[in-house]
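Thank you all for coming. I would like to take you through one structure this morning, going from a pair of helices to the domains and then to the two ligands.

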Amino acid sequence: MVKTMAYLALRMGARCRNDVLATGKEWKIMSEQGQRVAVLGGGSFGTALASIASAKGARVRQWLRDPALVERINRDRVNDRYLPTFRIDDNVEASTDMQYVLSDAELVLVAIPSKAFRQVVRRAAQWITPDQILVSTTKGIEAERFTLMSEILLEETPSRHVGVLSGPNLASEIADRQLTGSVVASDDPVTRTRAQQALSCDYFRVYASNDRYGVELGGALKNIYAIAAGMAHSLGMGENTRSMLITRALAEMSRFAVHQGANPMTFLGLAGVGDLIVTCSSALSRNFRVGLALGEGKTLEEAIEALGQVAEGVNTVALIQKKAAEEDIYMPLVSGLHQVMFEGVPPHYMAKALMRGELSSDVEFTLPREETRSHHNDLTSSS
Ligand SMILES: NC(=O)C1=CN([C@@H]2O[C@H](COP(=O)(O)OP(=O)(O)OC[C@H]3O[C@@H](n4cnc5c(N)ncnc54)[C@H](O)[C@@H]3O)[C@@H](O)[C@H]2O)C=CC1
Ligand SMILES: O=C(CO)COP(=O)(O)O
């Protein structure tokens with residue numbers, strides 16, 4: 001009877017404070033009172049996630065660099081720099097004292113842009129214990145050794161409970177309580193379960209994956225195509241074009257992922273195609289907005305300055321272009337976008353990248369590109 005009621009409650013969207021979750025095959029009613037959550041980073045995503053955990057009854061501390069913003073958050077319950085219309089939950093305490101924020105936290109969410117990620121995590125490491133669960137929410141790649149954020153967590157801290165959170169998660173929509181799905185990925189079941197428990201509520205649903213690498217790669221790669229989609233939008237391209245762009249982007253992302261040894265099936269989930277759709281469709285995405293500005297004829301520097309926030313895709317384009325060239329991976333969209341962003345080629349050149357690439361198969365897993373190419377060669381050599 002309890003199981004049935006719990007299941008029905010889940011289907012109907014259980015309230016946050018008395019959430020219903022699956023553990024193995026059993027449904028359990030779990031109270032979230034008493035969890036201790038730390039958030040590193042005071043941007044829009046960190047702020048939205050802090051309030052979700054707090055509304056579930058967790059004690060949440062959020063670390064920010066800026067003492068004036070900390071004071072305003074604690075006094076006015078608003079992060080006026082990043083989410084000015086969102087009321088922060090009462091149980092979130094902002095602080096500039098990292099030790100205080102991290103001390104005895106069970107779950108630490110790291111929402112720091114990739115450029116500063118290692119530096120912040122390295123500083124945090126002195127207060128992190130092996131039992132603490134660390135989850136990165138950052139969708140970027142560190143340039144020097146092509147390192148993903150969860151790998152930085154493993155390299156820099158003693159924690160063995162490391163995961164990533166990724167999916168179609170525009171922070172401002174989460175702040176508006178739009179129904180949203182996300183994925184927590186880790187090979188560690190404790191990490192998956194604790195993050196699901198801490199963050200799942202009636203408007204934010206967290207699915208689990210054991211493919212940390214694929215989920216994290218998907219989140220970083222889709223930013224590239226969001227820039228391309230923003231540019232296409234500015235250039236007046238229609239819905240057919242956007243649909244083709246998104247679908248070919250998925251093919252290109254999967255090709256890259258398979259080459260890196262990742263599971264391409266992950267790209268069919270929320271952290272792959274799900275995130276690709278939202279960021280290629282919405283001007284709420286910062287990467288999309290960089291593309292919009294480039295399509296309007298602004299330089300990259302002007303586009304970044306007008307944004308005033310981090311668009312991770314800008315660095316990721318350069319990184320993936322280099323990696324694809326080194327490893328001979330066919331990525332015409334990345335290469336076309338790279339030329340527009342860094343080589344002075346006009347934006348309408350992107351259309352050529354889309355239309356004049358090598359003739360190829362639709363889904364490479366059913367008809368490999370090599371087969372298409374060899375028949376094309378037969379035809380041209382016999383004519
Ligand atoms: N905003 C969104 O809709 C979403 C963002 N993300 C990812 O989450 C990560 C964080 O994004 P946001 O929360 O939007 O914030 P953001 O990327 O705009 O900035 C994050 C925060 O980090 C701080 N920061 C920057 N450099 C720092 C440094 N050296 N030391 C300490 N703090 C520093 C900033 O002051 C800001 O408070 C990004 O990498 C993004 O890819 C993921 C999903 C949604
Ligand atoms: O990752 C995001 C949505 O899932 C946020 O995208 P932007 O960083 O482009 O705003």
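Before the first pair of helices, a word on the angles I shall quote: the axes are lines fitted to C-alpha atoms, for helices over the stretch in contact, and the angle between two N-to-C directions runs from 0 to 180 degrees. Please also keep in mind throughout that this is a predicted model.

With that in hand, look at helix H14, residues 313–327, and helix H15, residues 332–342, whose axes come within 9 Å and cross at roughly 130°. Angles that are neither under 35 degrees, nor over 145, nor from 65 to 115 count as oblique, and that makes H14 oblique to H15. The crossing of these two helices, H14 and H15, is left-handed. On the H14 side the contact is made by Val317, Ala318, Ile320, Gln321 and Ala324, and on the H15 side by Val334, Ser335, Leu337, His338, Met341 and Phe342. If we sort the residues of the contact between H14 and H15 by class, we find 8 nonpolar, 3 polar and no charged.

The second pair is H12 and helix H13, the latter covering residues 300–307, and here the axes come within 9 Å and cross at roughly 135°. H12 is therefore oblique to H13 as well, and the crossing of H12 and H13 is right-handed. From H12, the residues Arg286, Arg289, Val290, Ala293 and Leu294 meet Leu300, Glu302, Ala303, Ile304, Ala306 and Leu307 in H13. The class breakdown for the contact of H12 with H13 is 8 nonpolar, no polar and 3 charged.

Let me now step back to the whole chain. The domain assignment gives domain 1, residues 32–210, and domain 2, residues 221–366, and the centres of domain 1 and domain 2, taken over C-alpha atoms, are separated by 27 Å. The contact takes 18 residues from domain 1 and 18 residues from domain 2. On the side of domain 1 that touches domain 2, the elements giving two or more residues are helix H7 (171–175), strand S11 (180–185) and strand S12 (204–209), and S11 gives the most, with 3 residues. The residues on that side of domain 1 divide into 8 nonpolar, 8 polar and 2 charged.

Where, then, does ligand 1 lie with respect to the domains? Domain 1 and domain 2 both give residues to the shell around ligand 1, so ligand 1 lies between them. That shell holds 25 residues, of which the closest are Gly42, Gly43, Phe45, Ala116 and Ala171. Helix H2 (44–55) and helix H5 (114–124) each supply at least two residues of the shell around ligand 1, with the largest share, 4 residues, coming from H5. By class, the shell around ligand 1 has 10 nonpolar, 12 polar and 3 charged residues.

Ligand 2 is surrounded by 14 residues, and the closest are Asn169, Asp275, Ser285, Arg286 and Asn287. The elements that give two or more residues to the shell around ligand 2 are helix H9 (212–234), helix H11 (270–279) and helix H12 (286–295), and H11 gives the most, with 3 residues. The shell around ligand 2 has 5 nonpolar, 5 polar and 4 charged residues. Because domain 1 and domain 2 both give residues to this shell, ligand 2 lies between them. One residue to remember from this part is Arg286, which is among the closest to ligand 2 and is also one of the H12 residues that meet H13.

Conventions
Residues are numbered from 1 along each chain as its sequence is written. Chains are lettered from A and ligands numbered from 1 in the order in which they are written. This is a predicted model: local features need pLDDT of at least 70, side-chain atom pairs count only at pLDDT 80 or more; totals for chains, interfaces and linings use all residues. A residue is near a molecule or strand if its C-beta atom, placed from the backbone, lies within 6 Å of it. Ala, Val, Leu, Ile, Met, Phe, Trp, Tyr, Cys and Pro count as nonpolar, Asp, Glu, Lys and Arg as charged, and the others, Gly among them, as polar. Domain bounds come from an automatic or database domain assignment. A crossing is left-handed if the near helix is turned anticlockwise from the far one by less than a right angle, and right-handed if clockwise. Two residues are in contact if their C-beta atoms, placed from the backbone, lie within 7 Å.
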